[in-house]
Amino acid sequence: SAVKEPKTGKWTMVHLGCVYALFGATYAVYATFIVVTLVSERGFGENTAGMFWAIVGGLSIFSGPLFGSISDRLGRKTGMMLAYAMFAISYALAAMDLPTPFLYASIAIFGLTVWSVPTIMSAAAGDYAGPLRAAKALGFITLFFGFGQIVGPYVAGLTADISGSFRIAFWLCAILSLTAVFLSYFLRQPAR
C-alpha cells in the first residue's frame with residue numbers, strides 16, 4: 001500500500017523557512033563575533049576567550065537531543081518557541097554591559113541551545129511534508145537558513161563598523177529571536 005503524504009501548502013514551507021532564516025542570521029553572528037567581542041570589547045585574553053568557545057562546543061553536544069526530545073513531547077512549534085526564547089536571552093546577555101558571570105550564562109545558554117533549531121527543523125520537515133518529501137522540504141527551508149547565515153554577519157559587521165561595538169548586533173539578534181518566537185507561534189499544525 002502506498003504511503004499517504006500530508007498536503008502542505010507552499011506558504012507553510014515559506015513560513016517555516018523564514019523562521020529558519022532567523023536562526024541562520026542570529027546564530028552566525030554570535031558564533032562569528034562573540035570571541036572577538038570578548039577579546040576586543042571585554043578585555044579577555046585570547047586563551048580565555050578560546051576556552052569559552054570550547055565550552056560552547058562541549059555543551060552543544062546536548063542541544064540537539066535535548067530540544068529534539070522537547071519538540072517530540074511538546075510539539076515542534078513549542079520547541080522552536082522555547083529555543084528562540086533561550087537564544088534571545090543569550091544574545092541580550094552578550095549585548096548588555098553586565099558583570100562577567102552574565103557572559104558565562106550567555107555562552108552556556110547558547111551552547112545548550114545552538115543545534116536546537118536545526119534538529120527541530122529536520123523533524124518539522126518530515127511532519128509537514130511527509131516521509132517521502134521530507135528531504136526536499138528540508139532542502140527548501142535550508143535555502144532560507146543559508147540566506148540568513150550570509151546576511152546576519154554582514155549586517156553585524158556593518159553595525160560594528162558604524163558603532164565601534166557588536167552590542168547593537170547582539171541586540172538585533174535578540175530582537176530577531178523574539179520575532180522568531182512570534183512567527184513560530186503562528187505556524188499551523190501539520191496534517192496528520
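**Surface patch and nonpolar core**

At 35% relative accessibility, V155 counts as partly exposed, because that category covers values between the buried limit of 20% and the exposed limit of 50%. The structure discussed here is a predicted model. V155 sits in helix 6, and on the surface it joins Y154, L158, I168, L172 and I175 in a nonpolar patch. Together these residues offer about 530 Å² of accessible area. Two elements, helix 6 and helix 7, each give two or more residues to the patch.

Turning from the surface to the interior, the largest nonpolar core contains 51 residues, and L16 and Y84 have the most contacts inside it. Helix 1 (10-40), helix 2 (46-74), helix 3 (76-95), helix 4 (100-113), helix 5 (116-129), helix 6 (134-163) and helix 7 (167-185) each supply two or more residues to this core. The greatest contribution, 13 residues, comes from helix 1. As a helpful piece of background, nonpolar side chains in soluble globular proteins tend to be buried together.

The surroundings of L16 make a good place to look around. Once neighbours within four places in sequence are set aside, L16 is in contact with M80, M121, A124, Y128, I141 and L187.

A polar residue rounds off the picture. S90 is found in helix 3 and counts as buried, because its relative accessible area is 0%, against a limit of under 20% for that class. With neighbours within four places in sequence again left aside, the contacts of S90 are Y30, S106, I109 and F110.

How values were computed. Residues numbered from 1 in each chain as written. Predicted model: local features only at pLDDT ≥ 70, side-chain atom pairs only at ≥ 80, totals over all residues. Heavy atoms only, no water. Core = buried A, V, L, I, M, F, W, Y, C linked by side-chain atoms within 4.5 Å. Buried < 20%, exposed > 50% of the residue type's maximum accessible area, 1.4 Å probe, protein only. Helix = DSSP H or I, 4+ residues; strand = E, 2+ residues; numbered from the N terminus. Contact = heavy atoms within 4.5 Å. Patch = residues over 30% accessible without salt bridge, like charges linked within 9 Å, V, L, I, M, F, W, Y side chains within 5 Å. Areas by Shrake-Rupley, 256 points an atom, 1.4 Å probe, with all protein chains shown as cover. Salt bridge = Lys/Arg side-chain N within 4 Å of Asp/Glu carboxyl O.
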